[in-house]
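User: I would like to go through this model one question at a time. Please show it before we start.

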Amino acid sequence: MPDTPGKNAIEVRGVRKVFGTGEAQVAALDTVSVSIRENEFFTLLGPSGCGKTTLLRLIAGFDFPSEGEILLYGSDIAPLPPFKRPVNTVFQSYALFPHMTVAENIGFGLEMLGKPRAEIDARVAEMLKLVRMEKLAKRRTSQISGGQQQRVALARALAPQPKVLLLDEPLSALDYKLRKEMQIELKRLQHETGITFIFVTHDQEEALTMSDRIAVMSSGKILQVGSAREIYDRPAVRFVADFIGETNFLDASIDSIDGGKAKVTLKSGATISATVADGFKPDGDATVVIRPEHAKAVKGKGDISGLVENVVYFGTDTHVHVRLDDGEAFTVRQQNTRGAMVEFERGERVGIVLGDDAAQILKD
Amino acid sequence: MAKRFSIRQQTGFTTIACACFFLLYLPIAVLVIFAFNESSSVSDWGGFSLRWFVAAWSNQQVVDASWRSLKIASSAAIIATIAATMAALATTRTRTYRGLTFKYAFINQPLMVPEIVTGVALLIFFAQIKIASGYNGLGYLIAAHTAFCIPFAYLPIRARLENMDLTLERAAADLYATPWKAFRRVTLPLLWPGIIAGLMLAFVISLDDVVITEFVKSGGQDTLPTYMLGQIRRGITPEVNAISTVFLLLSVVIVTLFFFLSRKRD
């Protein structure tokens, strides 16, 4: 899908952010460019220190880029202070005002915008209903639970109807069950309000289940932008393939490339077809990635073969860890059924069949 | 497992602790008891009476000195607290830079310079201003008290600012609050307990001061402490005990308030 410039809520253009001076200089963001579409649930995913929070802070206005532009619906907001940007943030620590009630917290932004009392009250009531907190409107924020504080923080940030909502790892302080609930809640809120969400997380599962599109970041750079499916099925680089889900890496040589498809020969001698990452420059050798569930272990001959090292039962599926004949490790994930199944034992010789769509060639 | 070292189980701990408390509180207890003495001695008990409280209350000099003390203490405490609040904001809401520690020391200088030095310095300094301007009022005492009260107001306010979550101010800015509005609606309400604590501490310190006041005051500008010092030179009666007792009560009330306020919402 090509980017249509008019429909971009946020456009980050060549943004660099450098901290420190001289020798101690660190580039937290290294020339990042990305477009975030209107009404999109966009996720910045990466390990801590990858620059995702820095990028969010630049969009919010808590910090300013060393170089580059940040466009909000076409106009550069990078030099504006945070109170002049129609962008609101849900903080990791929620940052609710402890001296105000739940309702006062939610109404704060509208009050600062100078809206009339009646409008504020109506909007606060609407927000309380949206996050299902009507009964706790008069409570102090210290008198409600963590999950409830999270909802108030969301309502407070949504109340002024920002053009873009920024969420800085908002679910990280919640326990597992509450986090699952809030993931669904966030999707619902985004759907109902139609506001563009930019969500920062280091949790790949959270990113995959919630996002329309994901930008995977590492060391101050955006490595790949795409839908959850694109990121998972067609990782462009080794870091992305490795960071998201489990992956097998195999060395191969390219036989032929035609458009997005290629024929490669694996070390075992087997020839398989693979999709090619955008921007791949053929020089004979390539790294191929295959997800464990896209391969199948069989008794007898496959595309590659090896000895079973371990078999781990997970309920929904079984992982078969194989040591290939060339010494590499390879994992196969097989769906479990209650009926008759092919069982493997340690030390057994197995073949691995790779599906036609199983392999992807990495750019690096 | 070895038992943890406990200072409370060392020989002599209880004895030393008790001795300290005795030395601290016994004289005060004696002072309070003799405030209620019927006779005019501060050491021979002559029966219970409130006559010295009545005597102090109807002594115009005591009343005047008390008013003067309260006037100076409240003016100095308020001015010092405003200055201290601004100083605390300026030294905490900033990036750290070279010389910041020096600035802390500079603000807290009255805690380190001996009072007697400040007293003498102010005496000479103000004497010249007095000649030049002809003004002889309470302003000099208020200015002097303000100066040495600032660190006492500054320390609790700075402590509160340092413990405050900076994200709150960021959140206010994110929700369209200009820096001034963010300060008024978020920082200041959260800072109040610290400001009140600083104000009370400054008030008590000013109320209590003898050394600097003694040097700076002009004739007829006795505060309660300097008045009492003068009285004692002339021969002591339980009137001084009565005044001290009231003074003690006032201080205890203020310090208790200070304690509860600084604990509040922490």
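Analyst: Two residues are in contact if their C-beta atoms, placed from the backbone, lie within 7 Å. The model is predicted.

User: Leaving aside neighbours within four places in sequence, which residues is B:Met228 in contact with?
Analyst: B:Met228 is found in helix H11 of chain B, which covers residues 224–233. Once its neighbours within four places in sequence are set aside, the contacts of B:Met228 are B:Val240 and B:Ile243.

User: Why does B:Met228 count as partly exposed?
Analyst: A residue needs 20 or more other C-beta atoms within 10 Å to be buried, and 12 or fewer to be exposed. B:Met228 counts as partly exposed because its C-beta neighbours inside 10 Å number 19.

User: What separates the C-alpha atoms of B:Met228 and B:Val117?
Analyst: Along the chain, B:Met228 and B:Val117 are 111 residues apart. In space, their C-alpha atoms are separated by 23 Å.

User: What is the radius of gyration of chain B, set against a compact globule of 266 residues?
Analyst: The C-alpha atoms of chain B fill a box of roughly 75 × 70 × 30 Å along the principal axes. For a compact globule of 266 residues the radius would be near 18 Å, but for chain B the value is 23 Å.

User: How much of residues 66–258 of chain B is helix?
Analyst: Chain B as a whole has 12 helices and zero strands. An unreviewed UniProt entry annotates residues 66–258 as "domain: ABC transmembrane type-1". Over that range, strand accounts for 0% and helix for 82%.

Notes
Residues numbered from 1 in each chain as written. Chains lettered and ligands numbered in written order. Predicted model: local features only at pLDDT ≥ 70, side-chain atom pairs only at ≥ 80, totals over all residues. Helix = DSSP H or I, 4+ residues; strand = E, 2+ residues; numbered from the N terminus. Rg over C-alpha atoms; globule rule 2.2 N^0.38 Å. UniProt positions renumbered as here; feature names shortened; annotations may be inferred.
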